[in-house]
Amino acid sequence: MKIGFIGCGNMGSAMIGGILKKGIFQKEEIIVSNLTEEGSKRSREKLGVATTLDNCEVVRRSKLVVLAVKPQFYEEVLKEIKNELTAEHMIVGIAPGKTLAWLQEKCGLPLKVVRFMPNTPAMVGEGMTGVCVNERVTQEEMNKIREITDSFGRTEFVPERLMDAVGAVSGCSPAYIFMVIEAMADAAVELGMARKQAYSFAAQAVLGSAKMVLETGMHPGELKDMVTSPAGTTIEGVRTLEKAGFRSAMFEALVAAAEKGRKL
Ligand SMILES: NC(=O)c1ccc[n+]([C@@H]2O[C@H](COP(=O)([O-])OP(=O)(O)OC[C@H]3O[C@@H](n4cnc5c(N)ncnc54)[C@H](OP(=O)(O)O)[C@@H]3O)[C@@H](O)[C@H]2O)c1
């Protein structure tokens with residue numbers, strides 16, 4: 001085994017899906033643990049990887065160990081696996097608020113510690129992952145890490161102080177964008193469109209807009225201006241959004257999410 005996941009729910013399976021698809025590791029090189037037999041069955045059926053209910057087995061059988069359980073279980077899981085960890089292991093935390101120093105301390109020995117902040121679009125290969133590492137991780141290992149996280153989307157290495165910002169702007173924001181898409185579709189339904197078609201129009205508009213930002217490199221304001229013709233329909237909508245505090249609502253939501261992340 002080369003890579004192990006303790007916890008294989010939404011995020012764990014999204015990451016493994018990308019890793020397998022891009023052939024970074026083969027099925028036989030991956031082992032995952034879940035809390036329940038039901039979870040193990042799900043991982044075997046969906047991903048075809050080896051499974052166990054014993055977290056220590058994951059550590060014994062892999063050198064790169066990703067902690068993909070909910071943040072509240074980090075402490076008990078680390079207590080459980082502590083005696084199996086060696087200086088050869090690389091431990092990856094993906095939970096908000098669990099810092100490199102915290103992870104290192106709970107591991108109880110000096111080892112390579114990494115943090116990923118991925119997001120659920122990883123499930124469709126369009127994830128965005130912020131990564132930071134401790135001083136024991138070499139450049140070569142960072143290249144391997146990038147290869148792994150690139151397999152389910154894009155990767156940016158950031159200083160650890162930015163991880164809460166990453167959590168807000170890409171970890172949490174898909175939820176806010178889904179709310180935007182839902183609201184857009186509701187409006188289209190109100191205007192007479194069938195529900196399924198409404199989601200398709202709304203989601204494709206969001207996808208295309210995001211692609212324009214990434215591929216043209218143009219300022220989002222400039223791209224917005226390209227849609228707003230004088231006295232036209234779009235500027236009328238812009239006026240309505242500004243009046244409702246749309247930008248401020250998004251701004252405050254991200255800052256609140258980052259602040260919460262810092263406290264976890
Ligand atoms: N979801 C996101 O958008 C997102 C984004 C960035 C980061 N994250 C982080 O990713 C982590 C996982 O989130 P998730 O959304 O993937 O959670 P999830 O879907 O609820 O999955 C949690 C997994 O952990 C397993 N588990 C629970 N307790 C365990 C234990 N003691 N030992 C071994 N496995 C255990 C569960 O097994 P069973 O299925 O058997 O119960 C399940 O496979 C969290 O720390 C979260 O903060 C999530």
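Two strands pair if DSSP finds at least two bridges between them, where strands (E, at least two residues) and helices (H or I, at least four residues) are DSSP runs numbered from the N terminus. The model is predicted, so that local features need pLDDT of at least 70, side-chain atom pairs count only at pLDDT 80 or more, and totals for chains, interfaces and linings use all residues. Residues are numbered from 1 along each chain as its sequence is written, and side-chain values use heavy atoms, with hydrogens and water left out.

**Exercise 1.** Find the bridge partner of isoleucine 3 in E4, and place both strands in the sheet.

Solution. Strand E1 (residues 3-6) runs parallel to strand E4 (residues 64-67), the two being joined over four bridges. Within this pairing, isoleucine 3 has leucine 64 as its bridge partner in E4. The open sheet holds eight strands with mixed pairing, in the order E3-E2-E1-E4-E5-E6-E7-E8. Strands E3 (50-52) and E8 (153-157) are at the edges, and each has a single partner strand, so one side of each lacks a neighbour in the sheet.

**Exercise 2.** Work out how H4 and H5 pack, and which residues meet.

Solution. Helix H4 (residues 74-81) packs with H5 at about 40°, and their axes, which are lines fitted to C-alpha atoms over the stretch in contact, lie 9 Å apart. Angles run from 0 to 180 degrees between N-to-C directions; under 35 counts as roughly parallel, over 145 as roughly antiparallel, 65 to 115 as roughly perpendicular and the rest as oblique, so H4 is oblique to H5. In contact (heavy atoms within 4.5 Å), Tyr74, Glu75 and Leu78 of H4 meet Trp102, Leu103, Lys106 and Cys107 of H5.
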